[in-house]
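Biologist: I am new to this structure and would be grateful for a close look at a single part of it. Please begin with one residue and then relate it to what lies elsewhere in the chain.

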Amino acid sequence: MATYQPPPIAAPLGSVETARMHLRPFEPTDLDGLAAVFAHAEVWQYPYGRAFTREETAAFLHAQLAEWHECGFGCWIAISKQSPEPIGYVGLSVPMFLPEILPAVEVGWRFSPSYWGQGLASEGARAALHEGFSTLGLTEICSLPQSLNPASYRVCERIGMQFERTVECPATTRRGPVQARLYTMSRTDWEAS
């Protein structure tokens with residue numbers, strides 16, 4: 001993995017409330033709830049085409065905890081206000097899998113299939129954009145939904161991000177190369193909306 005300097009931020013990110021979700025930094029005790037979400041193959045259909053094992057979920061959680069510690073921000077675990085169980089995640093991360101666009105911060109999300117189609121990805125992504133521009137002081141945020149995943153790139157369009165171009169994400173040890181659609185939003189555009 002390439003080395004990088006985390007982007008400078010105005011202040012670290014904390015927990016956030018949306019109309020329907022509690023969004024907070026990951027904790028080591030989130031493994032069981034997260035593993036239940038990631039056990040659905042649909043959650044990781046893009047780019048892996050399968051569910052995550054518990055070990056893969058633990059590695060994901062470890063990486064999230066490290067990113068929060070190193071960068072002062074990361075993705076939040078999403079908990080419905082109707083239930084104490086995690087329903088997925090949403091938030092900001094550094095897209096290390098695509099070195100050509102670094103330095104960059106990406107907004108992304110994954111939810112349990114039983115919560116799809118309810119606007120939760122848009123709700124959480126809007127909260128992430130708000131916090132990214134206001135709390136972190138970022139000047140631009142991107143998103144990289146896979147080209148084969150129209151449900152995700154429609155979220156980008158719904159929240160006001162602009163399509164820039166398609167990009168090829170290099171293969172990793174766990175998947176082959178994938179094509180993604182690069183969307184961006186500037187702080188100026190966010191303030192205007």
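Is Cys169 buried or exposed, and what is its relative accessible area?

Modeller: The model shown here is a predicted one, and every value below is computed from it. Cys169 has a relative accessible area of 2% and is therefore buried, the limit for that class being under 20%.

For a cysteine, a natural next point is whether its sulfur is bonded to another. A disulfide is a covalent bond between the sulfur atoms of two cysteines. The search of the whole structure gives 0 disulfides. Cys169 accordingly takes part in none, and the nearest cysteine sulfur, which belongs to Cys142, lies 10 Å away. For Cys71, the closest cysteine sulfur is that of Cys75, and because 11 Å separates the two, they are too far apart for a bond. With a relative accessibility of 5%, Cys71 is also classed as buried.

From Cys169 one may turn to strand 7. This strand covers residues 162-169 and contains Arg165. Arg165 is partly exposed, its relative accessible area being 38%. Side chains of opposite charge can pair when their charged atoms come close. Arg165 forms such a salt bridge with Glu100, and 3.1 Å separates their closest N and O atoms. Since Glu100 belongs to the loop between strand 4 and strand 5, the pair ties together parts that are 65 residues apart in sequence. Glu100 itself is exposed, at 51% relative accessibility.

The loop between strand 4 and strand 5 also holds Pro103. Leu102 and Pro103 are joined by a cis peptide bond, with omega about 0°. Most residues other than glycine have a negative phi, and most peptide bonds are trans. A second cis bond to describe runs from Tyr46 to Pro47, with omega near 15°; Pro47 has its place in helix 2, residues 45-48.

Pro103 leads on to the second largest pocket. Of the 15 residues that line this pocket, those nearest its centre are Pro103, Ala104, Val105, Glu140 and Ile141. Two elements, strand 6 (140-143) and strand 8 (178-186), each contribute two or more residues to the lining. Strand 6 contributes the most, namely 3 residues. By character, the lining consists of 10 nonpolar, 3 polar and 2 charged residues. The space in the second largest pocket amounts to about 250 Å³.

Strand 8 has a charged contact to report as well. Arg181 forms a salt bridge with Glu157, with 3.8 Å between the closest N and O atoms. Arg181 is in strand 8 and Glu157 is in helix 5 (residues 150-158), so this pair ties together parts that are 24 residues apart in sequence. Glu157 is partly exposed, at 40% relative accessibility. Elsewhere, salt bridges with shared partners join Arg24, Glu27 and Asp30 into one network. Within that network, Glu27 pairs with Arg24, and their closest N and O atoms are 3.8 Å apart. Glu27 has a relative accessibility of 35% and so counts as partly exposed. The count for the structure comes to 9 salt bridges.

That network brings the account to Thr29, in the loop between strand 2 (21-25) and helix 1. At 66% relative accessibility, Thr29 counts as exposed. Its C-alpha atom is separated by 9.7 Å from that of Leu61, although the two residues are 32 apart along the chain.

Helix 1, residues 31-38, presents another picture. Because 6 of its 8 residues are buried, helix 1 is largely enclosed by the rest of the structure. The buried residues are Leu31, Gly33, Leu34, Ala35, Val37 and Phe38. They pack against helix 3 (54-71), strand 3 (75-80), strand 4 (86-93) and strand 5 (106-111).

Helix 3, one of these packing partners, includes Ala59. Ala59 has a relative accessibility of 48% and so counts as partly exposed. Between the C-alpha atoms of Ala59 and Thr184 there is a separation of 28 Å, the two residues being 125 apart along the chain.

To return to the residue requested, Cys169 is buried and is in no disulfide.

Definitions and conventions: Residues numbered from 1 in each chain as written. Predicted model: local features only at pLDDT ≥ 70, side-chain atom pairs only at ≥ 80, totals over all residues. Heavy atoms only, no water. 1 Å grid on protein atoms, 1.4 Å probe; cavity = no way out; pocket = protein on both sides within 12 Å on 5 of 7 lines; lining within 4 Å. Points joined across faces, edges and corners; volume = space filled by probe spheres on them. Helix = DSSP H or I, 4+ residues; strand = E, 2+ residues; numbered from the N terminus. Nonpolar A, V, L, I, M, F, W, Y, C, P; charged D, E, K, R; others polar. Buried < 20%, exposed > 50% of the residue type's maximum accessible area, 1.4 Å probe, protein only. Contact = heavy atoms within 4.5 Å. Disulfide = S-S within 2.5 Å. Salt bridge = Lys/Arg side-chain N within 4 Å of Asp/Glu carboxyl O.
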